[in-house]
Amino acid sequence: MSQPDLPCICARIRRTARRVSQIYDRHLEPYRLTIGQFGVLAQVRTGDAPSIGELAARMVMDPTTLTRTIRPLQQRGLVALAPDAADRRTRRLALTEAGLGALRQARPGWAAAQDEVRLALGEEASAALVTQLDGALSRLSL
């Protein structure tokens, strides 16, 4: 049952996510990465060579949006797309040596953004927020 006096949850989550993304993007800018690109590199680093669809599902993203995020990484030689040996229609993502280097170099920028957000929110609130967000994602999964 809807509660008319409850503010829009979606609008608040989106505004907060945009603000947090701005902080991470600012810290990652010297490394020529956005937080979205950094996240893709970190996910691809796991070594399981995911397809675009698999990675999109893992990151809770639309495959088309993920493809737009990957394109500049590909152009910079940070990720490679190769046909799957078992199904030539499927393309698998892999981190290149340059991509691994870029991820390692950008890690201090990511850590600085993480520290800025944690300092602004406080340690206890940061930990509680992570727990709440993980729980919400789990309960809202399709």
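Two residues are taken to be in contact when heavy atoms of theirs lie within 4.5 Å of each other, and the legends below describe a predicted model.

**View 1. Surroundings of I70 in the nonpolar core.** When neighbours within four places in sequence are set aside, I70 is in contact with V40, I52, V79 and L93. I70 also appears, together with L33, V40, L41, L66, L73 and L93, among those residues of the largest nonpolar core that touch the most other members, the core having 19 residues in total. At least two residues of this core are supplied by each of α2, α3 (52–58), α4 (63–75), β1 (79–83) and α5, and the largest share, 4 residues, comes from α2.

**View 2. Buried face and packing partners of helix α2.** In α2 (35–44), the buried residues are Q37, F38, G39, V40, L41 and V44. These buried residues pack against α1, α3, α4, β1, β2 and α5.

**View 3. Helix α5 and its kink.** Helix α5 runs over residues 97–121, and its 25 residues reach 36 Å from the first C-alpha to the last, which is close to the 36 Å expected at 1.5 Å a residue. A kink of about 40° is nevertheless found in α5 at A106, shortly before the proline P108. A106 is also one of the buried residues of this helix, the others being G99, A102, L103, G109, A113 and V117. An α-helix has 3.6 residues a turn, so residues three or four places apart point the same way. The packing partners of the buried residues of α5 are α1 (9–28), α2 (35–44), β2 (91–95) and α6 (123–140). Just after the helix, G122 takes a positive phi of about 90°.

**View 4. The largest pocket and its lining.** About 1900 Å³ of space lies in the largest pocket of the model. The lining is made up of 36 residues, of which A17, V20, S21, L133 and D134 are the closest to the centre of the pocket. Two or more lining residues are given by each of the elements α1, α2, α5 and α6.

**View 5. S51 in the loop between α2 and α3.** S51 has its place in the loop that joins these two helices. With a relative accessible area of 10%, S51 falls under the 20% limit and therefore counts as buried. Residues up to four places away in sequence not being counted, S51 touches T90, R91 and R92.

Key:
Residues numbered from 1 in each chain as written. Predicted model: local features only at pLDDT ≥ 70, side-chain atom pairs only at ≥ 80, totals over all residues. Heavy atoms only, no water. Expected span 1.5 Å × (residues − 1). Bend = angle between axes of the 7 residues up to and from the residue. Buried < 20%, exposed > 50% of the residue type's maximum accessible area, 1.4 Å probe, protein only. Core = buried A, V, L, I, M, F, W, Y, C linked by side-chain atoms within 4.5 Å. 1 Å grid on protein atoms, 1.4 Å probe; cavity = no way out; pocket = protein on both sides within 12 Å on 5 of 7 lines; lining within 4 Å. Points joined across faces, edges and corners; volume = space filled by probe spheres on them.
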